[in-house]
Amino acid sequence: MRVGLKHKIILAILGVGALPLVLGMVVAYSQGTTELERVIGGNFRALAGETARSIDLILSGEIARRTRIATNDDVAAALVARNKRYQGLSPPEVTDLLTRDVARWKSGGSLASDSRTAPAQEVLRRFAKTQGLGETPSDRSDRAALLTMFLTDQEGALVAGVGGRGPLRYLHRGQPWWRGAFNQGRGRVYLDNIAFDEALNSYVFTLAVPVLDEHRHRVIGVLQSVYDAKAFFQPAIHPVRFGKSGHVMLIDSHGTVIICPILPTGVRVSDTSLVRSVTKDEPGWVKADGDGHGGQDTSIIGFAPLPETSLTTKASTGVLWHSFAWQASDEIFAPTRSLLLWIASAGCLAMGLLGSIGYYAAHRIVTPIQRLQEGAARIGRGELTESITIRTGDEIERLADEFNAMNGRLQLAFAGLEEKVAAKTAEVRSLKEYNEKILNSLPESVMILRQDRTIEYINAEAMRVLNVAPRQGIGQDLFRLLPVDQPTQRRIEQEFDWARTAAPGLPTSRDANPQADRRDPLAPKAGDPASVALRDLRIGDRVFGQRFFRVSADGNGATRIGLALREVTAERRLQDQLIQAEKLAGLGTLTAGIAHEINNPLFVIMGMAQAMEDEDDLRVTKEYAQDIVKYSRHMASIIRNFAGYAAPGFAEDTQPVDVNQKLEDALKLARLAHMADDLEVVTDYGPVPAILARPEEAQQVFQNIIVNAIQAMNGHGRLSLSTGIEDGWIVIRIADTGPGIPKRFLGKIFDPFFTTKEPGKGTGLGLNIVYQIVTKYGGTVGVESEEGKGTRFTLRWPVESQA
């Protein structure tokens, strides 16, 4: 959508006024937010650190109290007495003893009946009572954090205990907390991770303290305490609240919630990146894209590790405990948003004032310009009578005067222009009719095609050949009028596309493609009409030479593609006759070679047949018969190749031809015809696709070159045959080690009737026929020769002729 000048002026004034205002708002908001985040983050870090120290003191006090129990004389005496029963027993005997104790405990055994452990039991009972824990679940206070406490000996067997729901477990030496506290007899305080205890139906953590002997050298037992995590930490965490949502919480380095006023204990924070950010070794704060409570809003979080407690938990389980201070982002950034809203309101008012001023200024400027625009439009429509009147006393008025002056000059310039245009139009129409007469008088069929292959022009000869009424073919697709088979259509489409996309100024005949020159370099030079090799196109029983060319359609660079068809039916028939004459010329020599080749196996067959008449052994007779069949097949192969070569005509349509097989067939016939038994043949046939050609013509090409090479070497030397694919072309190379071709003859070897042989030994048509056939299919023939070093022919067959 186009924006008028008035709107542009208003927008420009608004932009000039709004830019400083918006920049000021952005800077104020950015700096205020950054400073507020820094202050809040520092406060949250301090709060998290203070909470961490508070929790450290609570846990340190709890460990100290458990240590006092562990050092009680009654507790130590009970453990020493209990451990004496293991003295002198081997490990298997200790295991058997404990197994019997477990069975007796499960059958209803009581700790109270053991007089050696009664003092220790009383110590635990008295201490547990001070913690609100009785000997049975019904005696437990609702606010008591301690759930159970018990004492085990050096083998992990229960010595005394209070609390719990139901009977306490008897044997504990396989438990991680027991192994950690026992520490292979050296002893250490063990603080376990938060875990859900199904028997106690609570999330709990375990504190295990080793009991040492009187010398403080060896562990004689372990005192274990199990706490309700929420009840234990709630008095220290829940009172710390600020604002509506601000609070602190306790998590471990795995992200498991130990205590939180909002999240339940035991829940794991799903945002692993947030957990990594707030569980570092040093206190700090972070601005995160999540709040750790399931929300995705940006939040500020202060964090701090529990320094003393984390030393114990890291040594016990490898997990650290951290405090975590957080407040909802809505509360944190509420003051900044209020300030932003106030600034935005003031900005909107200022924008309204700027808009009013801009509208007034735009009206004063744009109205004269609109009148000037209307006058220019009238001049553009040819209404050159009325002048433009503007009285502003500035540059716009002077511009109107210039328009009026230009109007006067245009009136003079356009005088008589219509007559000139009419004359030029008549001249162009006459030239078009003249060109059409020339094209219609041509004996060749000419069509001009658009880029989409539809026909724009067709001359009289083309309408006659294609049996099209005048004007009927215009606008039709080329292949609606051109009756060709699918392979030929694909070839023509490829050549059309090449001509359509070729760079301007390049020749457009595929036979003159500069990237792959299909005309033999030793043939007549460019400019000679005979040098252009047309592609054959069969329409009914007639043969036409077909070639595309580019046509400049107008002055803006647009092009059309021309298609020229010239009937060559008589030429092709003459060429077939020349080929047949060349074959018949060498038929006598070939017949003598075949007679010699057949004579040897025929004598062998006659000899074996006579031997069979006198042979009584059926096995030997069968072997003779097999040999006769083998030699007969050899003779049949020779005769079949000879019959194919001497055939007086050719197939009308092209068909897939195996290049390597045709080379072999041509080689066999050439060796038969010239008795080249001393010839060394080297073949290097690559995997090449079949080509579309007339099989007899393909074999004639190869045979003419091979015969020429054998004759040049007098039947002695090396003949090399190779095939392959190079740059999208099928390449056939035939090389000999003969005397070579003198330089003065290289430019003539493809001319009709040119020969260097003695009279009666050559017609001079062999290599000319090679050139005619190969170029007819869009290929090229090249020759390299040096006197005394042999000759090499290189044939290139186009890819689009591929079957």
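A residue counts as buried when its relative accessible area is under 20%, and as exposed when that area is over 50%. The exercises below apply this cut-off and others to a predicted model.

**Exercise 1.** Decide whether Ile-259 is buried or exposed, and describe its surroundings.

*Solution.* Begin with the secondary structure, where Ile-259 belongs to strand β9, which covers residues 257-259. Next, take the relative accessibility of Ile-259, which is 0%, so the residue counts as buried. Then list the contacts, leaving aside neighbours within four places in sequence: Ile-259 touches Lys-230, Phe-233, Gln-234, Ile-237, His-238, Met-249, Leu-250 and Thr-265. Finally, consider one of these partners, Gln-234, which is 25 residues away from Ile-259 in sequence, while their C-alpha atoms are 7.0 Å apart in space.

**Exercise 2.** Find which members of the largest nonpolar core touch the most other members, and which helix gives the most residues to this core.

*Solution.* The largest nonpolar core holds 51 residues, and those touching the most other members are Met-149, Leu-151, Phe-205, Phe-233 and Trp-321. Helix α1, spanning residues 5-70, gives the most to this core, with nine residues. Apart from this core lies another, of 41 residues, which includes Ala-666, Ile-705, Ile-741 and Ile-769. As general background, nonpolar side chains in soluble globular proteins tend to be buried together. To look at a single member of the largest core, take Phe-205: once neighbours within four places in sequence are set aside, its contacts include Leu-59, Leu-191, Ile-194, Val-226, Phe-233 and Trp-321, and also the polar residues Asp-192, Asn-193 and Ser-225.

**Exercise 3.** Work out which strands stand at the edges of the open sheet of five strands, and why one side of each is left without a neighbour.

*Solution.* Start from the strand order, which is β14-β13-β17-β16-β15, with antiparallel pairing. The edges are held by β14 (455-458) and β15 (535-539), and because each has a single partner strand, one side of each has no neighbour in the sheet. From one strand to the next, the twist averages 30 degrees. Within the sheet, β16 (residues 542-552) and β17 (residues 559-567) pair in the antiparallel sense over nine bridges, and Arg-550 stands opposite Ile-561 in β17. The last step adds helix α15 (residues 486-501), which lies across β13 (445-449), β15, β16 and β17 and runs at about 20 degrees to β16.

**Exercise 4.** Determine whether Ser-202 is buried or exposed, and which backbone oxygen lies 3.2 Å from a polar atom of its side chain.

*Solution.* Ser-202 is placed in strand β5, which covers residues 202-212. Its relative accessibility is 15%, and therefore Ser-202 counts as buried. The backbone oxygen in question is that of Leu-200, lying 3.2 Å from a polar atom of the Ser-202 side chain. Beyond neighbours within four places in sequence, Ser-202 is in contact with Leu-147, Ala-195, Phe-196, Asp-197 and Asp-228.

**Exercise 5.** For Gln-184 and Asp-727, establish the sign of phi and whether each residue is buried or exposed.

*Solution.* Gln-184 is in the loop between α5 (176-182) and β3 (190-191), and its phi is near 55 degrees, a positive value in a residue other than glycine. With a relative accessible area of 67%, Gln-184 is exposed. Asp-727 is in the loop between β21 (717-726) and β22 (729-736); its phi is positive, near 55 degrees. At 80% relative accessibility, Asp-727 counts as exposed.

Technical notes: Residues numbered from 1 in each chain as written. Predicted model: local features only at pLDDT ≥ 70, side-chain atom pairs only at ≥ 80, totals over all residues. Heavy atoms only, no water. Core = buried A, V, L, I, M, F, W, Y, C linked by side-chain atoms within 4.5 Å. Buried < 20%, exposed > 50% of the residue type's maximum accessible area, 1.4 Å probe, protein only. Helix = DSSP H or I, 4+ residues; strand = E, 2+ residues; numbered from the N terminus. Contact = heavy atoms within 4.5 Å. Pairing = 2+ DSSP bridges. Axes fitted to C-alpha atoms, helices over the stretch in contact; angles between N-to-C directions. Polar contact = N/O pair within 3.5 Å; in protein donor to acceptor, adjacent residues only side chain to side chain.
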